[in-house]
2 protein chains.
Amino acid sequence: MSGKEPDLAAISPDILSALQACVGTERVFTDAVSFEHYGRDWTRVHTPAPLAVVLPGSAGEVQALVRLALAHKLALVPSGGRTGLSAGAVAHNGEVVVALDRLDDITDFNPVDRTVRCGAGVITAQLQAFAADQGFFYPVDFASSGSSQIGGNISTNAGGIKVIRHGMTRDWVAGLKIVTGSGELLDLNRGLVKNNAGYDLRQLVIGAEGTLGIVVEATMRLDRPPKDLAVLVLGTPDMKAVMQVLETYQGAMDLQAFEFFSELALQKVVVHQGLQRPFATPAEFYALLEFEQHSDADMEQAMALFEHCVEQGWVVDGVVSQSVAQAQSLWRLREDISETISRWTPYKNDISTTIARVPEFLAEVEAVVSASYPEFEIVWFGHIGDGNVHLNVLKPDTLPMAEFQQRCGEVSRWVFEIVQRYEGSISAEHGVGLLKKDYLHYSRSELEIQMMRQIKKVFDPQGIMNPGKIFDL
Amino acid sequence: MSGKEPDLAAISPDILSALQACVGTERVFTDAVSFEHYGRDWTRVHTPAPLAVVLPGSAGEVQALVRLALAHKLALVPSGGRTGLSAGAVAHNGEVVVALDRLDDITDFNPVDRTVRCGAGVITAQLQAFAADQGFFYPVDFASSGSSQIGGNISTNAGGIKVIRHGMTRDWVAGLKIVTGSGELLDLNRGLVKNNAGYDLRQLVIGAEGTLGIVVEATMRLDRPPKDLAVLVLGTPDMKAVMQVLETYQGAMDLQAFEFFSELALQKVVVHQGLQRPFATPAEFYALLEFEQHSDADMEQAMALFEHCVEQGWVVDGVVSQSVAQAQSLWRLREDISETISRWTPYKNDISTTIARVPEFLAEVEAVVSASYPEFEIVWFGHIGDGNVHLNVLKPDTLPMAEFQQRCGEVSRWVFEIVQRYEGSISAEHGVGLLKKDYLHYSRSELEIQMMRQIKKVFDPQGIMNPGKIFDL
């Protein structure tokens, strides 16, 4: 069960048949293709090496698997859409991958409660489409919505592009069923809005990356659909101005989104996606704002604020969408960045501080990286309205991959030291997984980490649930 | 240290001087008046009997008190505004009351982050006023805002009248400092919007009623102020119609509040507060809706929905506020109920189900209580948009108090059995404290309660933090 080389012969006939007894013969896989498919997430750092992949069809089957794991000292890795970016769903050490794909029922839609029950394996985009069909809206949205699953969203407390208005996945979980590391089924909060009867264990499980148990079902809240969304892209001279724009707009309007990207990000996306620049005037940074038009008054308000920002020197130019199609193409300037820069196999980091400190924080990070590696291009974008920036260092074409990765290791440490000084988070929305666990102490005290270990023991006394993720026991 | 009779001589000179060394001689009280004042909350069931009352002036002093408590095996009861209704802040068993009144600084207001730092002892109304002075808004509001403190609001996850739009206190806590039962200071989340770096321990502490530690400081979020609030009071033929009205309005508008009260509640409040009925037509139940008027379109929308509800037979009559003053007097019809009925020393219960099930739930509770005690008047009101109803059984004038209380004990059990059958909460927003701990199993499984006990041990290994509240160890 080494972490280096998948040992396909490792599974014993006894365990294989016991797994088959839990979920059915056809639902246990031990072939290399399945291991490659189910054994890792969107990170490509670890070599997948599970013992087996199983696809349970019910909470009861998940409980049976946990009991089997306890009896045979097997580790379990819960597996959703595996779109994670922190190696939280990687099985590289002889674990049994428990893929929740088959738990994909959407039931018990209730228009008064505005809730719907989802199996852990429901894909985010399916829930979004279901909600739209009912005249409702599921607002948590991000690039991987087409593959990510609700169980995984909950386990990573997924965020995305509408957090400023709608919050994280945490805010949309009205009820949660999990199978603990003892094989017990917990039915937490059962869809209630108000429930102050003891500790809210549901909140602990959200964002725990499967280390406390396996999410098997959730009751998700829905919202009314947004009305006539308009998009504004504004060019700003510096990050401080971006903050002034944020404060100005947020003081007067309910924003649906407030994103940002740098001039370099814009240049890349325009060239490689064949898009048009939003306007001719170049700017250091761009802010993308989205808001609802309940009436003409909203657009008038947005335009008045725009003029104020221009007068103050916070905005050098801007454009507002005149149609749904134009709003969509303005969004592409922001949303296509990640895909565009993937050709440079960027070193990515997902970090946050309190919102007001972002400009100085970003300047410090940029200064440290540029001083040490002047040949590296740095692309900034992210959810600036939440204090969450994505740092992307592009690999120069001429630099060998191994050397780039080694240098990025150094970048990581420097960046996290700055994060620590700013009392920020080493993982704003992507979680910790395997990739960031060595850096957890930059955001959490030794005491907090120790308490997390003890809390894990309450849910998972034998340590079989996604071991080695977030922290080592 | 008996729970029955305050034993004012119980404190030893050694412990008294050790407490004085922690917080200063003038900040330790052992007199009967202080015990009466600091030893209990708004419940009047238990006789206050603390060992002493102390008023620390800093987090460091709270830590010193905890270390002292560990050394001398003293129990601590954290104490805020003591407006609780579940005896969560009662000291009836020789505990040291730690009153946080002196931690009342409001600092570090940040208009970009929209956050402000509050000592645990800041009174809710002070924070609301501070926010208003800065052009912002603190939206958690309830009858006891003038006395309740932020630390207590957090420890009980206080709700109130704006939950449908703004959520519970939980949603406004960006950072939290607590002193654990080991005397350690935890600094949780530090004001970040996005922070997926390990378990969110902050969420555990919110609503834990001081059993995990003492909240000493919080970073609270603020919102923009609401615009031109309008209030609508609608009469409905039954609870089912109330739900249709809720669904209709919520599908089209962002409601700020959706409250309800019964005809009997209205009659009492009109007579005893000298208010006018909202309209002549009597109705079984009344819904009070509040919404923002961003433009005339909002009022037009509200009126169109009103007409639709009348056409459908869901609404028999209604009135809309034409001024701020009129909005305020319509609100009094709902907000003055609690004070009005206090002369009948009502048996109160704060319960919830999922929203859509409220009508049948309420009918079942009413049927059980009326069948057994036809002479009791039942007054219903509450936060119906959150599935949260307040049941109030009024004491007949001729019935002796002791007999009424004894009969209400039986009512409790029947009500909680119905709550259990509906998978609801025995405490929607008031917490568990001493008053409801015997009923906790109606809402939480034995396994969950056992896990809560184990989690308490992680924060408070010696069990000195508000022992006996929520559950027994």
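1. A word on terms before the helices: contact here means heavy atoms within 4.5 Å. With that in hand, please keep in mind that what you have in front of you is a predicted model.

2. Let's start in chain B, with helix H8 (residues 239-252) and helix H10 (residues 296-311). From H8(B), the residues B:Val245, B:Thr248, B:Tyr249 and B:Ala252 take part in the contact, and they meet B:Gln301, B:Ala302, B:Leu305, B:Phe306, B:His308 and B:Cys309 of H10(B). Sorted by character, the residues of this contact are 7 nonpolar, 3 polar and no charged.

3. How do these two helices of chain B lie? The axes of H8(B) and H10(B) come within 10 Å and cross at roughly 150 degrees. Angles over 145 degrees count as roughly antiparallel, and H8(B) and H10(B) are therefore roughly antiparallel to each other. Their crossing is right-handed.

4. Over to chain A, where the domain assignment gives four entries to keep beside you: domain 1 (13-102), domain 2 (106-221), domain 3 (229-335) and domain 4 (345-430). Between the centres of domain 1 and domain 3 of chain A, taken over C-alpha atoms, there are 44 Å.

5. A record adds another way to divide chain A. UniProt, in an unreviewed entry, places the feature "domain: FAD-binding PCMH-type" at residues 46-225 of chain A. Over residues 46-225, chain A is 22% helix and 23% strand, and the end C-alpha atoms of this stretch are 40 Å apart.

6. Next, helix H1 (residues 13-23) and helix H3 (residues 59-72) of chain A: their axes come within 8 Å and cross at roughly 160 degrees. That makes H1(A) roughly antiparallel to H3(A), and the crossing of the pair is right-handed. On the H1(A) side you will find A:Ile15, A:Ala18, A:Leu19, A:Cys22 and A:Val23, which meet A:Glu61, A:Ala64, A:Leu65, A:Leu68 and A:His72 in H3(A). The contact residues of H1(A) with H3(A) divide into 8 nonpolar, 1 polar and 1 charged.

7. Further along chain A, have a look at helix H13 (residues 358-372) and helix H14 (residues 401-421). Their axes come within 10 Å, with a crossing angle of roughly 155 degrees, and H13(A) and H14(A) are therefore roughly antiparallel to each other. The H13(A) and H14(A) crossing is right-handed.

8. Which residues bring H13(A) and H14(A) into contact? From H13(A) come A:Phe361, A:Glu364, A:Val365, A:Val368, A:Val369 and A:Ser372, and these meet A:Val411, A:Trp414, A:Val415, A:Ile418, A:Val419 and A:Arg421 of H14(A). By class, the residues of the contact of H13(A) with H14(A) are 9 nonpolar, 1 polar and 2 charged.

Key. Residues are numbered from 1 along each chain as its sequence is written. Chains are lettered from A and ligands numbered from 1 in the order in which they are written. This is a predicted model: local features need pLDDT of at least 70, side-chain atom pairs count only at pLDDT 80 or more; totals for chains, interfaces and linings use all residues. Side-chain values use heavy atoms; hydrogens and water are left out. Axes are lines fitted to C-alpha atoms, for helices over the stretch in contact, and angles run from 0 to 180 degrees between N-to-C directions. Helices (H or I, at least four residues) and strands (E, at least two) are DSSP runs, numbered from the N terminus. Angles under 35 degrees count as roughly parallel, over 145 as roughly antiparallel, 65 to 115 as roughly perpendicular and the rest as oblique. A crossing is left-handed if the near helix is turned anticlockwise from the far one by less than a right angle, and right-handed if clockwise. Ala, Val, Leu, Ile, Met, Phe, Trp, Tyr, Cys and Pro count as nonpolar, Asp, Glu, Lys and Arg as charged, and the others, Gly among them, as polar. Domain bounds come from an automatic or database domain assignment. UniProt positions are given in the numbering used here, feature names are shortened, and annotations may be inferred rather than shown by experiment.
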